[in-house]
Amino acid sequence: MHFGTTAQGQDVEKITLQAGDLTVAILTWGAVVQDVRLAGIDRSLTLGSDRIADYEGAMRYHGSLIGPIVNRISTARVKVDGIMYELERNQDGRIHLHSGAEATHLRVWDVAERSDSHVRLTCTLPDGACGLPGHREVSVTYTVTAPADLRVEIDATTDAKTPLSFANHSYWNLDGSAQWNGHRLQVLADRFLPATSDDYPTGEIVEVSGTDMDFRTPRVITAKQDWLDNNFCLSDTRQPLRHALTLTGASGVTLQLDTTEPGVQVYDGRAAKRPDRAPFEGLAIEAQMWPDAPTNRAFPSIMCDPDTPYRQETRFRFS
């Protein structure tokens, strides 16, 4: 169905998927997960909007598929085969954030195939888009399966060596409350990446044991106590699909995250306000490669080439 028209006059479609107890709405703008409904629950579990203008503006990261490089590049430059590529400095005029103005979350995607329970969207990034080399073909497949699972499969190919790291950037509040206070969080990671005051990694890789970032045992979180915008290190390389994180609302609604990715970024939403809403309304949970990898040689590489295409699978399970 027609969702809206962008400021540039592009039509945006809303595609509704359903299976078992789960109904999910996907937008062709930014491949956004716009609405997630679990049977018996009278609210969406993700933070969305019914206005395309919101997704073009303050909500540009809500629910979107972000790439070719999600998260931050602290130096706003990437070296590929000895050539330095200068990137858009769209955070404080110094830092590259979420691939800038040409990124996948600010584009209308094409519908390649669909059914009642799945849709595959595609997007082309020509050579030079987002300041990076390579003609890149990107696809994301959203599939809803019983009992209440949302599978996200992201694939990308390139005709030249280039960095690729994508993530779904949905915000979650399982209680429908003004803030996420009272949710219980578990992250099955032994290490994390401390962040600077500009929210990019310091370069250290730290054991969670004995720190406030130890979420291996589930614990209740609050906005006053738990400020989060950090990558949790699940592994050093991409792995077969495995369980990584559980978020449980005070209402008892639960989200379980399984992923192939070596990291998961958890962001508290302090600066991600929806119109007329308060900060800390939802938690962003982003399965991805470790952020700022091109700047830190000890981090897993995000480089891909024609012989090593990009592939991610992440699954959200609701109950």
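Two strands count as paired here if DSSP finds at least two bridges between them. Strand E18 (residues 191-193) and strand E21 (residues 229-233) meet that bar, pairing in the antiparallel sense over three bridges. This is a predicted model, so keep that in mind as we walk through it. At that pairing, Phe192 has Phe232 in E21 as its bridge partner. Zoom out a little and E18 and E21 turn out to sit in an open sheet of six strands, in the order E16-E25-E24-E21-E18-E19, with antiparallel pairing. The edges are strand E16 (171-172) and strand E19 (206-207), each of which pairs on one side only.

Now go back to the N-terminal stretch for some more strand pairing. Strand E1 (residues 2-5) runs antiparallel to strand E2 (residues 11-19), with three bridges between them, and Thr5 has Asp11 in E2 as its bridge partner. Five residues separate the strands in this hairpin, and Gly9 takes a positive phi near 85 degrees there. E2 then pairs with strand E3 (residues 22-27), again in the antiparallel sense, over six bridges. Leu17 stands opposite Val24 in E3. The E2-E3 hairpin has two residues between its strands, and Gly20 in the turn shows a positive phi of about 55 degrees.

Let's move to the interior. Phe232, which we met in E21, comes back here: in the largest nonpolar core, of 59 residues, Tyr142, Phe232, Leu245 and Phe318 touch the most other members. Take Phe318 and look around it. Leaving aside residues up to four places away in sequence, its contacts include Leu22, Val36, Leu38, Leu45, Trp172 and Leu255. Asp149 and Thr254 are also among the residues Phe318 touches. Apart from that core lies another one, of 13 residues, including Ile69, Ile73, Trp290 and Ile302.

On to the charges. Side chains of opposite charge can pair when their charged atoms come close. A search of the whole structure turns up 26 salt bridges. One of them joins Lys161 and Asp81, with the closest N and O atoms 3.4 Å apart. It ties together distant parts of the chain, 80 residues apart: Lys161 is in the loop between strand E13 (149-158) and strand E14 (162-163), while Asp81 is in the loop between strand E7 (77-80) and strand E8 (83-86). Lys161 counts as partly exposed because its relative accessibility is 34%, and Asp81 counts as exposed at 60%.

What about Asp226: buried or exposed? Asp226 is buried, at 5% relative accessible area, and its side chain meets that of Arg219 in a salt bridge (3.1 Å, N to O). Glu281 and Arg274 form another salt bridge, with the closest N and O atoms 2.5 Å apart, and both residues are buried. There is also a network, in which salt bridges with shared partners connect Arg151, Glu153, Asp155, Arg311, Glu313 and Arg315.

Arg274 and Glu281 lead straight to the next stop. The largest pocket holds about 420 Å³ of space. It is lined by 24 residues, and those closest to its centre are Leu47, Gly48, Arg274, Arg277 and Glu281. Strand E4 (residues 33-38) supplies the largest share of that lining, three residues.

There are enclosed spaces too: the structure holds three cavities of 30 Å³ or more, and the largest has a volume of about 50 Å³. Its lining includes Val152, Asn168, Leu257, Ile285, Gln312 and Phe316. Strand E25 (283-288) and strand E27 (310-318) are the elements that give two or more residues to that lining.

Last, some backbone oddities. Most residues other than glycine have a negative phi, and most peptide bonds are trans. A cis peptide bond joins Gly67 and Pro68, with omega about 15 degrees; Pro68 is in the loop between strand E5 (65-66) and strand E6 (72-73). Ala146 and Pro147 are also joined by a cis peptide bond, with omega about 5 degrees, and Pro147 lies in the loop between strand E12 (136-145) and E13. Ala76, in the loop between E6 and E7, has a positive phi near 55 degrees and is buried, with a relative accessible area of 0%. Ser99 has a positive phi of about 70 degrees and sits in the loop between strand E9 (96-97) and strand E10 (110-114). Ser99 is buried as well, with a relative accessible area of 1%.

Note on methods:
Residues numbered from 1 in each chain as written. Heavy atoms only, no water. Core = buried A, V, L, I, M, F, W, Y, C linked by side-chain atoms within 4.5 Å. Buried < 20%, exposed > 50% of the residue type's maximum accessible area, 1.4 Å probe, protein only. Contact = heavy atoms within 4.5 Å. Salt bridge = Lys/Arg side-chain N within 4 Å of Asp/Glu carboxyl O. Helix = DSSP H or I, 4+ residues; strand = E, 2+ residues; numbered from the N terminus. 1 Å grid on protein atoms, 1.4 Å probe; cavity = no way out; pocket = protein on both sides within 12 Å on 5 of 7 lines; lining within 4 Å. Points joined across faces, edges and corners; volume = space filled by probe spheres on them.
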